[in-house]
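The following note is offered to a colleague who is meeting this structure for the first time. It proceeds in numbered points, from a term that is needed at the outset to the individual side-chain pairs and then to the whole protein.

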Amino acid sequence: MSATLPSLLASLAVLLLGRVGRLADACSCSPVHPQQAFCNADVVIRAKAVSEKEVDSGNDIYGNPIKRIQYEIKQIKMFKGPEWDIEFIFTAPSSAVCGVTLDVGGKKEYLIAGKLEGNGRSHIHPLCLLLG
């Protein structure tokens, strides 16, 4: 009986260690059908990312700074949105919090759907479809 306790504990440890990798997968963004993303968006544009930089966008409820990635874009065509050109878009700094990463340099075109914030800034959703 005393030999089964260590083997039971060892088996339990192996199972728990195997689950540690799964904990990182817990936060994910659910995919949205492109038509639904278009309907829900305030802005839908075709654009190229020109540059990127990390910026502060206020503080959370604990006083910690909230970081975002600001992409300067070259708008090619607006399918839905305001009457002015969108110059910058903002996204979360990591895919774990539903951020997106765009290739900078103006070589790839993206179809970008997003929401306008109260200050006229565009915060993009994780829907960025590579066009070319």
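1. A residue is called buried when its relative accessible area is under 20%, exposed when that area is over 50%, and partly exposed in between. With a relative accessibility of 19%, Glu109 therefore counts as buried. The reader should bear in mind that the model is a predicted one.

2. Overall architecture. The protein contains 2 helices and 5 strands. Read from the N terminus, the order of these elements is α-α-β-β-β-β-β.

3. Salt bridges in total. How many salt bridges does a search of the whole structure find? The search returns 3 of them, and each is taken up in turn below.

4. Arg46 and Glu109. These two residues form a salt bridge in which the closest N and O atoms are 2.8 Å apart. The pair joins distant parts of the chain, since Arg46 belongs to strand 1 (residues 43-59) and Glu109 to strand 4 (residues 109-116), with their positions 63 residues apart in the numbering. As to exposure, Arg46 is partly exposed at a relative accessible area of 27%, whereas Glu109 is buried at 19%.

5. Asp56 and Lys67. A salt bridge is also formed by Asp56 with Lys67, where the closest N and O atoms lie 2.6 Å apart. This pair, too, links distant parts of the chain: Asp56 is in strand 1 and Lys67 is in strand 2 (residues 65-80), 11 residues apart. Asp56 has a relative accessible area of 49% and is partly exposed; Lys67 is likewise partly exposed, at 35%.

6. Asp103 and Lys108. In this salt bridge the closest N and O atoms are 2.7 Å apart. Asp103 counts as partly exposed at 36% relative accessibility, and Lys108 counts as partly exposed at 32%.

7. Gln75. Is Gln75 buried or exposed? Its relative accessibility is 18%, so Gln75 counts as buried. The residue is found in strand 2. Its side chain makes a polar contact with the side chain of Asp85, at 3.3 Å, and also reaches the backbone nitrogen of Ile86 at 2.8 Å. When neighbours within four places in sequence are set aside, Gln75 is in contact with Ile45, Arg46, Ala47, Asp85 and Ile86. Arg46, named in this list, is the residue that forms a salt bridge with Glu109.

8. Rings. What does a search of the whole structure find in the way of aromatic pairs? The result is 0. A ring does take part in another arrangement: the charged end of Lys80 sits over the ring of Phe38, at 5.2 Å from the ring's centre.

9. The protein as a whole. Of its 132 residues, 24% count as buried. The accessible surface amounts to about 9000 Å², and 58% of this belongs to carbon and sulfur atoms. Among contacts between residues at least 6 apart in sequence, 55% join residues at least 24 apart.

Key. Residues numbered from 1 in each chain as written. Predicted model: local features only at pLDDT ≥ 70, side-chain atom pairs only at ≥ 80, totals over all residues. Heavy atoms only, no water. Phe/Tyr/Trp six-rings, centres within 6.5 Å; stacked < 30°, edge-to-face > 60°. Lys NZ or Arg CZ within 6 Å of the ring centre and 35° of its normal. Salt bridge = Lys/Arg side-chain N within 4 Å of Asp/Glu carboxyl O. Helix = DSSP H or I, 4+ residues; strand = E, 2+ residues; numbered from the N terminus. Buried < 20%, exposed > 50% of the residue type's maximum accessible area, 1.4 Å probe, protein only. Polar contact = N/O pair within 3.5 Å; in protein donor to acceptor, adjacent residues only side chain to side chain. Contact = heavy atoms within 4.5 Å. Areas by Shrake-Rupley, 256 points an atom, 1.4 Å probe, with all protein chains shown as cover.
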